[in-house]
Amino acid sequence: MGIARNEPFRLYFQVNCHNSARPMTAMTAVAAKNAFGPVLEASLREAVAVTKNRREVAAIFSKECVRALADSFLADPRKADLATGKLALFDAVMAQMDINRHIDASRRAIADGDGIVADATYFASLSDRAPPRIS
């Protein structure tokens, strides 16, 4: 297993998850496949990057690391879903990632002038288009 170069995310994750300033250990996909048990054991001590054709394609983290990442990454509603058991840890992280993608797309649309301004005029137009209520 060789040592990969330092990158900010890796260094941040290592310091906060394993209390170590060391970079991730890197290994090829073939080596990871052939020594999967030891790779899992290594992931308990440090994150493991998996490379294929000399580029990183995956990373293996302990569940403790993913939980630490989730604590700093999840919004309060997803944290509540996790705490109540409505979502599992990985499902909560994936749901938050999906929400973040939608928020980023909305921000890009607004920056490009494609957004809708939700002001009094907009809500009045919605009210005008709505069918009358039957009581």
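## Cores and a helix pair

Let's start with A32: skipping its neighbours within four places in sequence, A32 is in contact (heavy atoms within 4.5 Å) with M27, V39 and V50. This is a predicted model, where local features need pLDDT of at least 70, side-chain atom pairs count only at pLDDT 80 or more, and totals for chains, interfaces and linings use all residues. Residues are numbered from 1 along each chain as its sequence is written, and side-chain values use heavy atoms, with hydrogens and water left out.

**Nonpolar cores**

- M27, A32, V39, A42, V48, V50 and I60 form the largest nonpolar core (buried Ala, Val, Leu, Ile, Met, Phe, Trp, Tyr and Cys residues joined through side-chain atoms within 4.5 Å), seven residues in total.
- Helix 3 (36-45) and strand 3 (48-52) each chip in at least two residues of this core; helices (H or I, at least four residues) and strands (E, at least two) are DSSP runs, numbered from the N terminus.
- There's also a second, separate core of six residues, with V66, A70, L89 and A92 among them.

**Helix 4 against helix 6**

- On the helix 4 side, K63, V66, R67, A70 and F73 meet L89, F90, V93, Q96, M97 and N100 of helix 6.
- By class, that contact has seven nonpolar, two polar and two charged residues (Ala, Val, Leu, Ile, Met, Phe, Trp, Tyr, Cys and Pro count as nonpolar, Asp, Glu, Lys and Arg as charged, and the others, Gly among them, as polar).

**R78**

- R78 sits in helix 5 (residues 76-84).
- Buried or exposed? R78 counts as buried, because its relative accessibility is 17% (buried means under 20% relative accessible area, exposed over 50%, partly exposed in between, with a 1.4 Å probe and protein chains only).
- Beyond neighbours within four places in sequence, R78 is in contact with L87, A92, A95, Q96 and I99.
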